[in-house]
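Got your viewer open and a selection box ready? Let's walk through this one stop by stop.

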Amino acid sequence: MKKSTDADLAMSKSAVKISLDLLSNPLCEQDQDFLNMVTALDTAMKRMDAFNQEKVNQIQKTVIEPLKKFGSVFPSLNMAVKRREQALQDYRRLQAKVEKYEEKEKTGPVLAKLHQAREELRPVRDDFEAKNKQLLDEMPRFYHSRLDYFQPSFEALIRAQVGYYSEMQKIFGDLTQQLDQPGNPDEQRERENEARLSELRALSIVADD
């Protein structure tokens with residue numbers, strides 16, 4: 001998303017620079033009609049850039065920032081999993097110790113050590129079971145809530161795009177009406193350009209490749 005918004009801004013900034021470069025072209029000083037066309041283009045490009053910046057700001061607030069906040073949850077989630085794994089290891093270690101004494105001959109010293117091992121095991125087992133239950137309860141809720149969290153951002157992204165392209169349709173529609181010459185379709189413009197290019201190629205100062 002960040003790459004997309006950066007590309008959008010770069011595109012509109014480049015379009016504005018093109019119109020500014022055209023305005024500084026000497027042809028604008030020599031031909032009033034051309035100056036009027038370039039001025040209309042410059043106005044349209046600046047409007048496009050302003051709406052594009054507004055769209056990017058909206059996406060930043062409604063999509064990029066919420067997803068960053070969502071991502072910030074994962075470190076604590078991973079830590080909870082690690083704590084559960086550590087508790088499991090401690091539980092298994094003490095459980096093995098209890099089982100070892102249970103397998104031995106039930107002498108006085110062995111029974112004393114067995115009793116002590118069971119006492120050590122109890123809080124460790126309770127700790128593991130509590131951590132395990134917490135993950136079993138909360139992980140599915142976290143997993144299933146991801147769509148509910150993301151959906152408003154997705155809807156905001158669509159609305160931002162719809163608003164932007166609706167404005168672009170108006171801007172370029174107005175620009176087309178200002179620049180278009182009646183009865184001069186694209187095919188005719190292409191033929192006229194080819195004819196002018198042929199005239200330029202016929203000049204003696206142009207290399208014949």
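Is Thr5 buried or exposed? Select Thr5 and have a look: this is a predicted model, and in it Thr5 comes out at 3% relative accessibility. The cut-off for buried is under 20%, so Thr5 counts as buried.

**Stop 1: around Thr5.** Thr5 sits in helix H1, which covers residues 2-23. Now add Val56, Ile59 and Ile64 to your selection: Thr5 is in contact with these three, leaving aside its neighbours within four places in sequence.

**Stop 2: Asp42.** Next, pick Asp42, which is found in helix H3. Would you guess that this residue is buried or exposed? Asp42 is buried, with a relative accessible area of 7%. To see what is around Asp42, show Val16, Ser19, Leu20 and Leu23; Asp42 touches each of them, not counting residues up to four places away in sequence.

**Stop 3: from H3 into H4.** Colour helix H3 (residues 32-71) and then helix H4 (residues 73-103). At what angle do H3 and H4 pack? The angle is about 15°, with the axes 4 Å apart. Angles under 35 degrees count as roughly parallel, and that makes H3 roughly parallel to H4.

Zoom in on where they meet. On the H3 side you want Lys69, Phe70 and Gly71, and on the H4 side Val73, Phe74 and Pro75. Sorted by type, the residues of this contact between H3 and H4 come to four nonpolar, one polar and one charged.

**Stop 4: Ser76.** Stay in helix H4 and click on Ser76. Ser76 has 46% relative accessibility, so this residue counts as partly exposed. For a long view, draw a distance from the C-alpha of Ser76 to the C-alpha of Arg191: these residues are 115 apart in sequence and 66 Å apart in space.

**Stop 5: an annotated stretch.** Select residues 77-104. An unreviewed UniProt entry lists this range as "coiled-coil region". What does the model show there? The span is 96% helix and 0% strand, and its end C-alpha atoms lie 41 Å apart.

**Stop 6: H4 against H5.** Keep H4 coloured and add helix H5, residues 108-179. How do these two run relative to each other? Their axes come within 8 Å and cross at roughly 155°. Over 145 degrees counts as roughly antiparallel, so H4 and H5 are roughly antiparallel to each other. If you turn the view to look through the pair, H4 passes H5 in a left-handed crossing. Show the side chains along the contact of H4 with H5, and you'll find 20 nonpolar residues, two polar and eleven charged.

**Stop 7: two picks along H5.** Start with Pro123, which lies in helix H5. Pro123 is partly exposed, with a relative accessible area of 49%. Draw a line from the C-alpha of Pro123 to that of Tyr91: the two are 32 residues apart along the chain, and their C-alpha atoms are separated by 9.2 Å.

Then move on to Val162, also found in helix H5. Val162 counts as partly exposed, at 48% relative accessibility. Which distance should you check from here? Try Lys55: that residue is 107 residues away from Val162 along the chain, yet the C-alpha atoms of the pair are separated by 9.8 Å.

Definitions and conventions: Residues are numbered from 1 along each chain as its sequence is written. This is a predicted model: local features need pLDDT of at least 70, side-chain atom pairs count only at pLDDT 80 or more; totals for chains, interfaces and linings use all residues. Side-chain values use heavy atoms; hydrogens and water are left out. UniProt positions are given in the numbering used here, feature names are shortened, and annotations may be inferred rather than shown by experiment. Axes are lines fitted to C-alpha atoms, for helices over the stretch in contact, and angles run from 0 to 180 degrees between N-to-C directions. Angles under 35 degrees count as roughly parallel, over 145 as roughly antiparallel, 65 to 115 as roughly perpendicular and the rest as oblique. A crossing is left-handed if the near helix is turned anticlockwise from the far one by less than a right angle, and right-handed if clockwise. Ala, Val, Leu, Ile, Met, Phe, Trp, Tyr, Cys and Pro count as nonpolar, Asp, Glu, Lys and Arg as charged, and the others, Gly among them, as polar. Contact means heavy atoms within 4.5 Å. Buried means under 20% relative accessible area, exposed over 50%, partly exposed in between (1.4 Å probe, protein chains only).
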